[in-house]
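Here is a set of exercises with worked solutions, to be done with the model open beside you. Try each task before you read on.

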Amino acid sequence: MSDLRFDNRVVIVTGAGGGLGKAYALFFGARGASVVVNDLGVSRSGDGTSTSAADVVVEEIRKAGGKAVANYNSVEDGDKIVETAMKAFNRVDIIINNAGILRDKSFARMTDADWDLIQAVHVKGSYKVTKAAWDIFKKQKFGRIIMTASAAGVYGNFGQSNYSAAKLALASFSSTLAKEGAKDNIHCNTIAPMAASRMTESIMPPDVLAALKPEYVAPLVAYLCHETTKENGGLFEVGAGFVAKLRWERSRGAVFKADDTFSPAAVGAKWGEITDFSNPEYPSSVTDTDFLSLLEQAKNLAANPKVAPLTYDGKVAIVTGAGGGLGRAYSLLLARLGCAVVVNDLGGSATGQGSDSRAADKVVEEIRQAGGKAVANYDSVEDGDKVVETAIKAFGRVDIVVNNAGILRDKSFARMTDGDWDLVHRVHLRGTYKVTKAAWPHFLKQKYGRVINTASAVGLYGNFGQANYSAAKLGIVGLTKTLAIEGKKNNILVNVIAPNAGTRMTATVMPPEMVEAFKPEYVAPLIAFLGHESCPESGSIFEVGSGWIAKVRWQRSGGVGFSSSQPLLPEQIAKHWSDIVNFNDGRATHPTSTQEAFQQFMDNFANSAVSEPTKKEDGLDIEAAKKLTFDPMEFSYSERDVILYALGVGAKRTDLHLVYENAENFTVLPTFGVIPSFAAMNAVPFGDFLPSFNPMMLLHGEQFLSLRKPIPTSGKFNSKARVIDILDKGKGASVVIGVSTTDESGDVLFDNEFTLFIRGIGGFGGKKTGEDRGAATATNNPPNRPPDAVVREKTAEDQAALYRLSGDYNPLHIDPSMSKMGGFDVPILHGLASFGIAGKHVLATYGKNDSASFKTIKARFAKHVFPGETLETQMWREGNKIIFQVRVVERDTIAISNAAVELAGTSDAAAAAATGSPAVAPSGGIAVDGFQSSAIFGQIKDNINATSSAERKAQVGKIKAVFQMDITNKDGKAQSWYIDLKNGEGDVGLGKPAKGKPDCTIAINDADFVEMAAGKLNTQKAFMQGKIKIKGNMMLATKLGDVLNKQPKSKL
């Protein structure tokens, strides 16, 4: 196809002094456009000014034969920027809103200035520049606009609540402009770029920056801005040669009977249906949902699920905008369920004018007359601290914040004033920020909080005449996403709803019959459930109205990855456009975090690279790779290094044999053997034998260490690497690097095998499984019994900072900005540090702290660990092998799996004797191997048999029910037991009930049942989270609790 040219077009690029903006300016300048290079010349945090940045880019364009002028105004003075274009070139055709700054801080530390400056530059700035050009676009019947969002806006990111709110606000602003501008050939699209810039250079390592050139983003922007491109209102992720489109995906949801039984508990009972995406929809407009039909369905349904009501006794809620409509409905429901309520309402009109205390007072009086607790507050939500202060003074705490206050200032974008824009953003977006910010310290202190924010379908999909409102509402979604991430570790859950209900605002834009149909009472149960302590959800979006609730999430197309070894052109993007926007080819994904998005981004980029018009990469020659030789790496160390390593894996000052060089039994931990080989593995030139190798695609999957001789406490070694095997794993390749370490005499001390998973280079036709190499390839599955030994150790907050001094200086483990890029709240602990800690536990438990007792050790790295978390090493002895796994106690997740230590010089007979006998099986022949629950049912049976006949009959007369328990163990095996307290004198047995059908069937996993029997499981919360499923008479489940509570907890 012919080149996409921009002759006679005038382009304004904001923030064009470097990074992405500079790449855009140079690209358009080279393709015939006249360019206004705008840059205020500030630092990435918004400080200072300088004209040199813009001048340098203008000079570069002119030297290449292009046309350009500089502009040094702030984007908040958008009219002056557009005026520069009109004076220099007498028109403007394309606006690329790219200017931006960062003010990253955790929400707890964020100041109002941090919030306001980000909104002013990103959101208000984009509005001002676009507004100044809008009439010009309409007059000439042509315009192209690009808004710049980010992954932080789309998914949320720790420490960027201000930035994520601003960036997602721009996506909805774009959607509305696309709808308003279509008739005048004005197109508006949004990109979420992953590229090196002045902002990202502070939070990305050099190798990542090299892969994320701005030049790989500019061609997409150029394509979207061309006069022949029809795309309008889209949102795209782009970077490193990869381009994909995003859209909203919505579950079918659940419909509830539209009557008084539509309660928060009923919502919880149908939570699985609400969040089920097995048959999704893809709305793109506020009119894509037929709420009247949904309401008819709701009215014609049978009764809602009968479940025990949720209560809010002792909880305090703040509801803003609660003088009528939705806010009033929320307040009344929460108060009726036991919550004390602060009813906030300024008493202004739907357009934000005036104030009147009567609205709040009336709702408070209603609550009090019904026996509830409530106080009124008349402050604006912009004075959020005063709203929260009212709660603290009246009730001493705050647990729930419902950000509901809002106004409308609906006008077409052409007629919209700065006042219309500012007021809507102040009330909706800044008001939500201010109230939540004021409550946040209280939530952190009490380690509990629930926040429910209010977006709108207009925010999700855009809507004509509501550019200000749609931007503010989707900005709230971006804020919600980040707050959910930041609040998670302190049990602060944050969700957002897009309600359809009759309010003072919607009454102005809906006919009366629809307002009447959309009763706020049909939204309130969801709000109350999201505010309850049993709510399992955080960071989620829900559409709700007319008795219907559905969940909304992002879907991303499989996209197209272009070669990263040569320039990307807009003509290539045009050629593959149908693939870029294809959601139906089976490759679409659903990222939920920046980490997930970036990982899938790189996976797809490497796995679907379009080689055009590049030469095809040479094939992967595995045998040749195995024959490669690498230079040996010398490693010298002293007793100091041995001690430093021991401290890095958690040794204490009392562990003299590990930390004191003069101790009689001073020794080296066996896992120190990974340290000398680490540098040799890192020096392997993977690019020499792996086509298209990208270091960002590498994951450390497994580690194997074989010890030939005891490791001396000091020495000089040589480590030589080799390629052991390369396996084809479909989406990636498993590369096994062996490193042999020899001492000065040439004797092998130990061998390491690093199993590395390289994403994106699979599918080369190689073998999927390697040769059996004994302990190095053993699967090491734990046996079906409780661990024979368990050791717990709490890691130190500075564990990673200490361990890195042994040679692994990856910034992911020390630099918060790097860990943030990876999607982690704080820097994570090295996998080999966890490996060393677990090895230390096995050595102390089964090796008598004798390093010579270890023959081999192998582990698979399953999950990350945060410094400060507690590691639990669970061990099973099987002959001379100690199988182990490492659990992170706080998050109940396995960090190291399929691991084992082979002990040296231990006979199988001696090992078996040391193992000990398994626990005594429960009585009555109802034990099943692999199920901890067996002991509980055996004990219940024993207790029944131990009572008199009269006592047994009395219990049967009281319970009058047959229970069936369907238990699933950790291996996925299912087994049923029954407890018959309805027939005869009662019985407990294996399988289904011997007499009749069960009255109540409970499905639960093995571990949760043990916790429930021990009284450690919150059954109501577990039910709401879907961990417990009940069929039949649900109320009988409470009687089962009575049975379990009679069992001695010490035996359970």
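**Exercise 1. Contacts of one core residue**

Which residues does F672 touch, not counting residues up to four places away in sequence?

*Solution.* This is a predicted model, in which local features need pLDDT of at least 70, side-chain atom pairs count only at pLDDT 80 or more, and totals for chains, interfaces and linings use all residues. Residues are numbered from 1 along each chain as its sequence is written, and side-chain values use heavy atoms, with hydrogens and water left out.

Step 1: take a contact as heavy atoms within 4.5 Å. Step 2: list the partners of F672, which are F635, Y637, D641, V642, Y645 and I711.

Step 3: place F672 in its wider setting. A nonpolar core is a set of buried Ala, Val, Leu, Ile, Met, Phe, Trp, Tyr and Cys residues joined through side-chain atoms within 4.5 Å. Buried means under 20% relative accessible area, exposed over 50%, and partly exposed in between (1.4 Å probe, protein chains only). In the largest core, which has 73 residues, F672 is among those that touch the most other members, together with F689, L690, I726, I737 and F884. Helix α29 (residues 831–846) gives this core its largest share, eight residues. A second, separate core has 63 residues, including W115, Y155, V388 and L408.

**Exercise 2. The whole chain**

Find how many helices and strands the chain has, and what share of its residues is buried.

*Solution.* Step 1: read helices (H or I, at least four residues) and strands (E, at least two) as DSSP runs, numbered from the N terminus. That gives 35 helices and 34 strands. Step 2: of the 1052 residues, 58% count as buried. Step 3: look at the contacts with a separation of 6 or more; residues 24 or more positions apart account for 74% of them. Step 4: for the surface, use the Shrake-Rupley method with a 1.4 Å probe, where for residues only the protein chains shown count as cover. The accessible surface comes to about 41300 Å², and 50% of it belongs to carbon and sulfur atoms.

**Exercise 3. A sheet of ten strands**

Work out the strand order of the open sheet of ten strands, then examine β24 within it.

*Solution.* Step 1: count two strands as paired if DSSP finds at least two bridges between them. The order is then β20-β22-β23-β24-β21-β26-β29-β28-β27-β25, and the pairing is antiparallel. Step 2: find the edges, β20 (633–637) and β25 (789–794), each of which pairs on one side only. From one strand to the next, the twist averages 20°; axes here are lines fitted to C-alpha atoms, for helices over the stretch in contact, and angles run from 0 to 180 degrees between N-to-C directions.

Step 3: follow β24 (residues 748–759) to β21 (residues 698–707), its antiparallel partner over nine bridges. Here L707 stands opposite F750, while F704 faces E753.

Step 4: add helix α26 (residues 674–682), which packs on the sheet and touches β20, β21, β22 (715–728), β23 (732–742) and β24. The direction of α26 makes about 50° with that of β24.

Step 5: turn to β23, which is joined to β24 by eleven bridges and runs antiparallel to it. I737, met in Exercise 1 as a core residue, has F754 as its bridge partner in β24. The two strands form a hairpin with five residues between them, and G746 in the turn has a positive phi of about 90°.

Step 6: check burial. Ten of the twelve residues of β24 are buried, so this strand is largely enclosed by the rest of the structure.

**Exercise 4. A helix with two sides**

Which residues of helix α32 (residues 949–959) are buried, and which are exposed?

*Solution.* Step 1: the buried ones are R952, V956 and I959. Step 2: these residues line one face of α32, because they fall within an arc of 75° seen down its axis, the arc being that of the directions from the helix axis to the C-beta atoms. Step 3: recall that an α-helix has 3.6 residues a turn, so residues three or four places apart point the same way. Step 4: on the other side of α32, A950, K953, A954 and K958 are exposed. Step 5: K960 follows the helix and has a positive phi, near 55°.
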